2 protein chains.
Amino acid sequence: MRNRVTLADVAKAAGVNPATVSRSLNPATEAQVRKETARKIKKIAKDLGYTPNTVARGLRTRKSLTIGVVIPDLTNPIFPPIVRGIDSYLLPRGYSAMVVNTDGNKEIEQTLISSLMERQVDGLIVATGHTEGDLLSQYHERGVKVVMVNRESPGIPFPAVTSDDGAGISAIIEHLVGLGHSSILHLAGPSDSSTGILRSKTFTSECKRRGLLGKVIKNENYSIDDGQAAVDKLLDHGGKSFTAIVAGNDLLALGAYHSLRTHGLRCPEDVSVVGFNNMPFTADFQPPMTTVNAPHYDMGVEAARLLLSQIDGIDTAPVKVTLPVSLILRGSTARAL
Amino acid sequence: MRNRVTLADVAKAAGVNPATVSRSLNPATEAQVRKETARKIKKIAKDLGYTPNTVARGLRTRKSLTIGVVIPDLTNPIFPPIVRGIDSYLLPRGYSAMVVNTDGNKEIEQTLISSLMERQVDGLIVATGHTEGDLLSQYHERGVKVVMVNRESPGIPFPAVTSDDGAGISAIIEHLVGLGHSSILHLAGPSDSSTGILRSKTFTSECKRRGLLGKVIKNENYSIDDGQAAVDKLLDHGGKSFTAIVAGNDLLALGAYHSLRTHGLRCPEDVSVVGFNNMPFTADFQPPMTTVNAPHYDMGVEAARLLLSQIDGIDTAPVKVTLPVSLILRGSTARAL
DNA sequence: GGCGTAGGTGCAATCGATTGCACTAATGCA
DNA sequence: TGCATTAGTGCAATCGATTGCACCTACGCC
């Protein structure tokens with residue numbers, strides 16, 4: 001029913017061998033065919049409505065022109081920009097992305113990556129870096145091309161594109177100190193993610209360096225619920241022992257908003273809150289959220305670029321690219337009482 | 001480098017014909033093989049680390065087990081849930097989704113759909129319905145399986161999954177009337193989208209039926225900027241001639257928020273605003289947005305279900321599925337002054 | 001004991017495009 | 001004029017899996 005017209009059909013109509021048609025239609029081999037022949041074939045192909053069969057081509061050339069993109073959850077607003085950035089680089093180069101969601105579940109991730117490999121993807125862009133890289137190390141051994149984005153994979157020498165989280169946290173602390181805060185709570189992200197580790201590490205060392213009272217609470221996931229639960233727990237028990245909250249990401253910060261509200265605390269008057277990522281809509285929250293902008297779209301672009309250069313064998317060194325961040329001052333931070 | 005182990009390798013190791021291996025590994029044909037043979041082959045396949053090559057299989061079976069998903073823009077928060085809904089139905093059935101973004105541009109859409117067809121997708125789920133269906137009608141003629149989601153394609157008999165927009169608008173009007181509003185502004189969505197048309201049509205007829213003063217302003221896109229510009233224009237010129245705004249979707253409503261704020265008007269005290277879709281984070285806006293919940297995830301699931309039943313030839317009638325909506329009352333609507 | 005049948009495998013074609021090699025004709029050069 | 005190139009095409013194998021058909025064996029039945 002579909003794609004009735006094949007290379008052989010065009011060849012028959014043109015009275016030539018399929019090989020000649022193939023060569024005519026491929027810009028790289030077109031020079032091998034007499035100009036006039038090529039022109040004629042192209043016209044016939046067009047008239048017949050010929051469309052190449054990417055599947056058949058992929059079988060022969062051993063390239064699917066497809067890239068697998070592995071993310072935790074598309075509904076987390078930082079990922080759509082990354083995906084679109086990836087797409088923007090891939091599409092003009094003839095590649096397509098196939099996006100899968102792992103929900104942070106390693107078994108699901110394993111299954112999905114296997115499925116992508118069966119589909120003969122030419123490479124993987126992975127945004128679900130865990131500290132134990134069992135999943136990916138096996139692919140590294142098999143020579144699969146992988147680029148990490150947003151998170152790194154400790155121990156496995158894959159190229160990686162991340163934002164400068166350390167600088168982001170430092171800028172936040174500097175901002176808060178400037179507002180007179182000295183006891184600060186950090187809602188840390190998952191400790192099996194490179195971002196969670198790096199951000200909380202920087203938080204701790206900055207607090208120590210500046211002589212601040214820094215408290216760290218770990219969260220299982222980068223989610224609103226986790227952030228809310230963590231602050232709830234603290235507020236229900238010890239009471240408020242901090243004047244500012246540095247969240248591991250915007251979702252955790254939003255959870256903090258919720259908790260503060262239900263406990264009758266105002267943000268930023270009673271407690272300042274800072275997010276991380278500057279995901280969409282943070283400016284429309286109540287209050288508008290002070291956060292660190294991470295260039296997600298650009299990270300996607302860069303990751304795609306690195307992957308294709310790996311595939312083309314241009315760049316084989318495991319480059320680490322760190323993109324700059326910037327502190328976005330909005331309404332969720334204020335002078336400490 | 002990749003997928004070194006083929007069916008033939010397994011066959012050689014097992015001392016049988018590749019055909020037997022194929023039959024053993026395929027649950028549907030496994031019965032044709034002697035039990036013990038099948039068991040032995042499976043063990044060898046596993047030991048060798050055999051993974052099927054979906055590309056080769058697809059060439060022979062003329063099924064790619066891949067579905068193309070065409071959406072306007074992944075960063076619009078209503079689409080990730082739809083995509084995840086689609087995925088949730090597809091994955092357990094061996095299918096994968098390939099998502100593309102058109103940015104509302106028909107040429108891009110044309111290119112992307114062609115690319116999907118070249119990749120031999122087994123069907124299309126399309127969320128970018130335009131009123132002129134030139135793009136899709138050609139595929140309908142060629143027998144390509146298509147299901148519309150979120151929007152419909154007028155004139156082309158594709159199955160479609162939508163939310164009950166009419167009921168949603170009616171509920172909004174009823175709510176606003178109950179609060180004493182009688183002059184209402186409608187920020188209508190694009191007039192080349194079925195949602196934009198239906199919602200604004202219902203708005204107009206409801207206003208007429210109830211004797212309200214209803215004004216409609218059309219927007220080019222479902223975007224924050226368009227919503228803001230539309231309200232800006234009105235407020236800059238005629239002044240405030242309405243006490244409530246019914247937006248075509250949450251993004252337009254958010255644009256209205258912005259415009260009201262820059263004009264020194266308070267929501268909901270001075271003007272009530274209602275969105276549509278209940279996209280993520282609307283509850284965290286300032287003020288929390290009253291809106292209509294559309295079951296996007298479920299719409300995705302349903303669309304995938306319809307498409308697969310089309311593909312399997314079970315359901316060939318162009319079913320129209322309409323999912324119920326519900327009004328979510330939050331803080332952006334109040335009694336009219 | 002002979003024949004029919006079903007179960008179990010193998011053979012080989014096929015899906016559609018690509019590409020190394022071979023072949024022919026035309027051109028260049030001496 | 002003769003020989004070596006080169007340009008332009010065709011032939012056929014190949015990628016990896018699937019499947020219609022043929023074949024063989026062993027069994028059951030009369």
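This is a short tour of a predicted model, stop by stop.

**Stop 1: the two protein chains**

Select chains A and B together. Chain A can be laid on chain B by a turn of 180° and a shift of 0.0 Å along the axis, with an RMSD of 0.1 Å. That is the relation of a two-fold axis.

Now show where the two chains touch. The contact takes 37 residues from chain A and 38 residues from chain B. On chain A, color α4 (54-61), α5 (79-90), β2 (96-101) and α6 (106-118); each of these elements gives two or more residues to the side that touches chain B. By class, that side of chain A has 18 nonpolar, twelve polar and seven charged residues. How do the copies meet? They meet through the same surface, because 100% of the interface residues of chain A are also interface residues in chain B.

**Stop 2: DNA strand C**

Select DNA strand C and the protein around it. 25 residues surround this strand. Label the closest: A:Thr6, A:Leu7, A:Ala19, B:Asn17 and B:Ala19. Both chains take part. From chain A, α1 (7-14), α2 (18-25) and α4 each give two or more residues to the surface near strand C, and from chain B so do α2 (18-25) and α4 (54-61). Which element gives the most? It is α4(A), with five residues. The surface near DNA strand C has eleven nonpolar, nine polar and five charged residues.

**Stop 3: DNA strand D**

Switch to DNA strand D. Here, too, 25 residues surround the strand. The closest are A:Asn17, A:Ala19, B:Thr6, B:Leu7 and B:Ala19. Chain A gives two or more residues from each of α2 and α4, and chain B does so from α1 (7-14), α2 and α4. The largest share of this surface, five residues, comes from α4(B). Its residues divide into eleven nonpolar, nine polar and five charged.

**Stop 4: helix α12 of chain B**

Select residues 296-311 of chain B, which form helix α12. Pick the C-alpha atoms at its two ends: they are 23 Å apart. At 1.5 Å a residue, the 16 residues should span 22 Å, which agrees.

Is α12(B) mostly covered or mostly open? It is mostly covered, with twelve of its 16 residues buried. Among the buried ones are B:His296, B:Met299, B:Glu302, B:Arg305 and B:Leu308. Next, bring in what lies over them. The cover includes the strands β1 (66-71), β3 (123-126), β4 (146-149), β5 (160-163) and β11 (320-323) of chain B, along with helix α5 (79-90). Then step past the end of the helix. α12(B) is followed by B:Gly313, whose phi is positive, near 75°.

**Stop 5: a strand pair in chain A**

Go to chain A and select residues 183-188, strand β6. Five of its six residues are buried, so β6(A) is largely enclosed by the rest of the structure. Add residues 213-218, strand β7 of chain A. The two strands pair in the parallel sense over six bridges. Zoom in on A:His186, which stands opposite A:Val216 in β7(A).

**Stop 6: B:Thr262**

Finish on chain B, in helix α11 (residues 250-262), where B:Thr262 is found. Is B:Thr262 buried or exposed? B:Thr262 counts as exposed, because it has 12 C-beta neighbours inside 10 Å. Now add B:Leu179 to the selection. B:Thr262 and B:Leu179 are 83 residues apart in sequence and, C-alpha to C-alpha, 25 Å apart in space.

Technical notes. Residues are numbered from 1 along each chain as its sequence is written. Chains are lettered from A and ligands numbered from 1 in the order in which they are written. This is a predicted model: local features need pLDDT of at least 70, side-chain atom pairs count only at pLDDT 80 or more; totals for chains, interfaces and linings use all residues. Two residues are in contact if their C-beta atoms, placed from the backbone, lie within 7 Å. Helices (H or I, at least four residues) and strands (E, at least two) are DSSP runs, numbered from the N terminus. Ala, Val, Leu, Ile, Met, Phe, Trp, Tyr, Cys and Pro count as nonpolar, Asp, Glu, Lys and Arg as charged, and the others, Gly among them, as polar. A residue is near a molecule or strand if its C-beta atom, placed from the backbone, lies within 6 Å of it. The expected span of a helix is 1.5 Å times one less than its number of residues. A residue is buried if 20 or more other C-beta atoms lie within 10 Å of its own, exposed if 12 or fewer, and partly exposed in between; C-beta atoms are placed from the backbone. Copies are superposed by least squares on the C-alpha atoms of residues with pLDDT of at least 70 in both. Two strands pair if DSSP finds at least two bridges between them.
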